[in-house]
Amino acid sequence: MKIRILSMVAFCALAACSTNETGNSMGKTGSGAQSGKTIKGSEPLPAASASRTVEAYKAEVAHRISHLHRQQVYSENPQPLLRSVVVVRYSVNADGTLLNAQIQRSNKDHETEKTALASLKNSAPFPKPHPQLLRSGRLEVSETWLFNDDGRFQIRSIALPQRAG
């Protein structure tokens, strides 16, 4: 398990070092996105994705979100009975710009819904998806946020297994 965590940290560190010269942003006020080449102050924009599958691309996005929101991410195995499971459906365009995001399924815990959406939106833009993943110029995916009682989360695509109850 420690090897998996160390691998995730190393991947995130490498991903944070890549840049994208186009500098897209969603242009939202208060979202953490800024125009120019960086977001969240000094975080570099992601490069183009080498992922050829939707699952691999989702893992890249999950690593980016987890890296940028590491203070909100639970780094050990999630508890057996989760506080909340929030599924977010989102789409990105060919440049990795987040086009939309909405709650697809949840237990109606509004605090965790807001956290899931904010962590996604504040981590945009994302790596440019490989062209073979695009349909009509966009990539639509669903991702799941797993919340412990303390409000910290993991993202299902890269989450550790839950502890036994």
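User: In this predicted model, which residue in the turn of the S3 and S4 hairpin has a positive phi?

Analyst: The model is predicted. Strand S3 covers residues 84-93 and strand S4 covers residues 98-105. The two form a hairpin with four residues between them. In that turn, the residue with a positive phi, about 90°, is Gly96.

User: How many bridges join S3 to S4, and how do the strands run?

Analyst: S3 and S4 form a hairpin. Within the pairing, Tyr90 stands opposite Ala101 in S4. The strands run antiparallel, and the number of bridges joining them is six.

User: Which residue of helix H3 or strand S5 does Tyr90 touch, leaving aside neighbours within four places in sequence?

Analyst: Helix H3 spans 110-121 and strand S5 spans 138-147. Among the contacts of Tyr90 are Leu98, Asn100 and Ala101. Val61 is another of them. From the ranges of H3 and S5, the contacts include Leu120, Leu139, Glu140, Val141 and Glu143.

User: Which residues touch the most other members of the largest nonpolar core?

Analyst: In soluble globular proteins, nonpolar side chains tend to be buried together. Here the largest nonpolar core has 26 residues. Those touching the most other members are Ile65, Val88, Tyr90, Leu120, Phe126 and Trp145.

User: Which element supplies the largest share of this core?

Analyst: H2, S3, S4, H3, S5 and S6 each supply at least two residues of the core. The largest share is five residues. Its source is H2.

User: Is helix H2 largely enclosed or largely open, and how many of its residues are buried?

Analyst: H2 runs over residues 54-68. Its buried residues include Tyr57, Val61, Ile65 and Leu68, but also Lys58, Glu60 and Arg64. H2 is largely enclosed by the rest of the structure, because the number of its 15 residues that are buried is twelve.

User: What distance does H2 reach from its first C-alpha to its last?

Analyst: H2 has 15 residues. At 1.5 Å a residue, the expected span is 21 Å. The helix is close to that expectation, reaching 21 Å.

User: Lys58 forms a salt bridge with which residue?

Analyst: Lys58 counts as buried because its relative accessibility is 5%, under the 20% cut-off. Its partner lies three residues apart in helix H2, about one turn of the helix. The closest N and O atoms are 3.6 Å apart, and the partner is Glu55.

User: Which residue after S6 is tied to Glu55?

Analyst: Glu55 is partly exposed, at 47% relative accessibility. Its partner in the segment after S6 is 101 residues apart in sequence, so the pair ties together distant parts of the chain. This salt bridge has an N to O distance of 3.9 Å. The partner, itself partly exposed at 41%, is Arg156.

User: Which residues are linked in a network of salt bridges?

Analyst: The whole structure has seven salt bridges. One of them joins Arg138 and Glu140 at 3.7 Å. The linked network is another matter: its members are Glu55, Lys58 and Arg156.

User: Which peptide bond is cis, with omega near 0°?

Analyst: Most residues other than glycine have a negative phi, and most peptide bonds are trans. The proline of this cis bond, Pro125, lies in the loop between H3 and S5. The cis bond runs from Ala124 to Pro125.

User: Which residue other than glycine has a positive phi near 55°?

Analyst: Lys108 also has a positive phi, about 70°. Lys108 lies in the loop between S4 and H3 and counts as exposed at 61% relative accessibility. The residue asked for is in the loop between H3 and S5. It counts as exposed at 79%, and its name is Ser136.

User: With which side chain does the side chain of Arg152 make a polar contact?

Analyst: Arg152 is in the loop between S5 and S6 and counts as partly exposed at 28% relative accessibility. Its contacts beyond four places in sequence include Gln71, Gln72, Val73 and Tyr74. The polar contact is at 2.6 Å, and the partner is Asp150.

User: How far apart are the C-alpha atoms of Arg152 and Gln71?

Analyst: Arg152 is in contact with Gln71. Along the chain the two are 81 residues apart. Their C-alpha atoms are separated by 8.1 Å.

Methods. Residues numbered from 1 in each chain as written. Predicted model: local features only at pLDDT ≥ 70, side-chain atom pairs only at ≥ 80, totals over all residues. Heavy atoms only, no water. Pairing = 2+ DSSP bridges. Expected span 1.5 Å × (residues − 1). Buried < 20%, exposed > 50% of the residue type's maximum accessible area, 1.4 Å probe, protein only. Core = buried A, V, L, I, M, F, W, Y, C linked by side-chain atoms within 4.5 Å. Contact = heavy atoms within 4.5 Å. Salt bridge = Lys/Arg side-chain N within 4 Å of Asp/Glu carboxyl O. Polar contact = N/O pair within 3.5 Å; in protein donor to acceptor, adjacent residues only side chain to side chain.
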